[in-house]
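Me: Could you take a close look at one residue for me, and then walk outward to the strands and cores of the model? I'd enjoy one connected account rather than a list.

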Amino acid sequence: MQLVVARIGRAHGIKGEVTVEVRTDEPELRLAPGAVLATEPSSVGPLTITTGRVHSGRLLLRFEGVGDRTAAEALRNTLLIAEVDPEEVPEDPEEFYDHQLIDLDVVTRDGTAVGRIREVSHLPYQDLLIVERPDGSEVMIPFVAEIVPEIDLEEQRAVIDPPPGLLDESQAEIASGREDS
């Protein structure tokens, strides 16, 4: 099974390093020197990581055969894809691979059906579960422990505890204490 583990950003310096947007909870495993990664577009790869380091909070990678800024800049926006055994699970029991979450049924704590997870969207500050409702509409659920307290892979379901307004806008609460003048 193939998993997107990073997206290449801009070139850094003149010796072929690039910034990467990490899309895996295990960068030390998936983006380690020596790792050979498929790419999207496939014509760019495969790419072999020669070095990796963190600089100012960003991961910088260098690839075999990419020796200057021009070659590094040509890789911009390329997705890095790792081959992963579908039976493999993350070491941390609170972490999940996207393929484990896709197609899980989503229910509230009281058992009310919400829909089915169709996609996991990875944003810079948190992940979102894109849930398709029975009527075909979608709802985005922040994938944080306060809102998604339970993932049960055996039962193939995600239990959510949504704040008011997440599933039904008419139940939204106004958070501002400011009064109009």
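The residue I have in mind is Arg-116: where is it found, and which residues does it touch?

Reply: Happy to. Keep in mind throughout that this is a predicted model.

Let's start with the residue itself. Arg-116 is found in strand E8, which covers residues 113-122. Its relative accessible area is 32%, and because buried would require a value under 20% and exposed one over 50%, Arg-116 counts as partly exposed. Leaving aside residues up to four places away in sequence, Arg-116 touches Asp-103, Leu-104 and Asp-105, and also Ile-130, Val-131 and Glu-132. With one of these there is a polar detail to look at: the Arg-116 side chain reaches the backbone oxygen of Asp-103 at 3.4 Å. If you would like a backbone distance too, the C-alpha atoms of Arg-116 and Leu-101 are 9.5 Å apart, with their positions 15 residues apart along the chain.

Now the sheet around it. E8 belongs to an open sheet of six strands, ordered E10-E9-E8-E7-E12-E11, with mixed pairing. The edges are E10 (138-142) and E11 (150-152), each of which pairs on one side only. On average, neighbouring strands in this sheet are turned by 35° against each other, direction ignored. Within the sheet, E7 (residues 105-108) and E12 (residues 157-160) run parallel, paired over four bridges, and Thr-108 stands opposite Ile-160 in E12. Asp-105, one of the residues that Arg-116 touches, lies in the E7 range, 105-108.

Next, the interior. The largest nonpolar core has 22 residues, and those with the most contacts inside it are Ile-8, Val-20, Leu-31, Leu-61, Phe-63 and Leu-80. Strands E1 (2-12), E2, E4, E5 and E6 (79-83) each supply at least two of its residues, and E1 gives the most, with five. Another core, of 16 residues, lies apart from it and includes Phe-96, Leu-104, Val-114 and Ala-158. This brings us back to our starting point, as Leu-104 is among the residues touched by Arg-116.

Finally, some pairings among the strands that supply the 22-residue core. E2 (residues 17-22) and E5 (residues 58-63) are antiparallel over three bridges, and Val-20 stands opposite Leu-59 in E5. E4 (residues 47-55) also pairs with E5 in the antiparallel sense, over six bridges, and here Arg-53 stands opposite Leu-60. E4 and E5 form a hairpin with two residues between them, and in the turn Ser-56 has a positive phi of about 50°.

Notes
Residues numbered from 1 in each chain as written. Predicted model: local features only at pLDDT ≥ 70, side-chain atom pairs only at ≥ 80, totals over all residues. Heavy atoms only, no water. Buried < 20%, exposed > 50% of the residue type's maximum accessible area, 1.4 Å probe, protein only. Contact = heavy atoms within 4.5 Å. Polar contact = N/O pair within 3.5 Å; in protein donor to acceptor, adjacent residues only side chain to side chain. Pairing = 2+ DSSP bridges. Core = buried A, V, L, I, M, F, W, Y, C linked by side-chain atoms within 4.5 Å. Axes fitted to C-alpha atoms, helices over the stretch in contact; angles between N-to-C directions.
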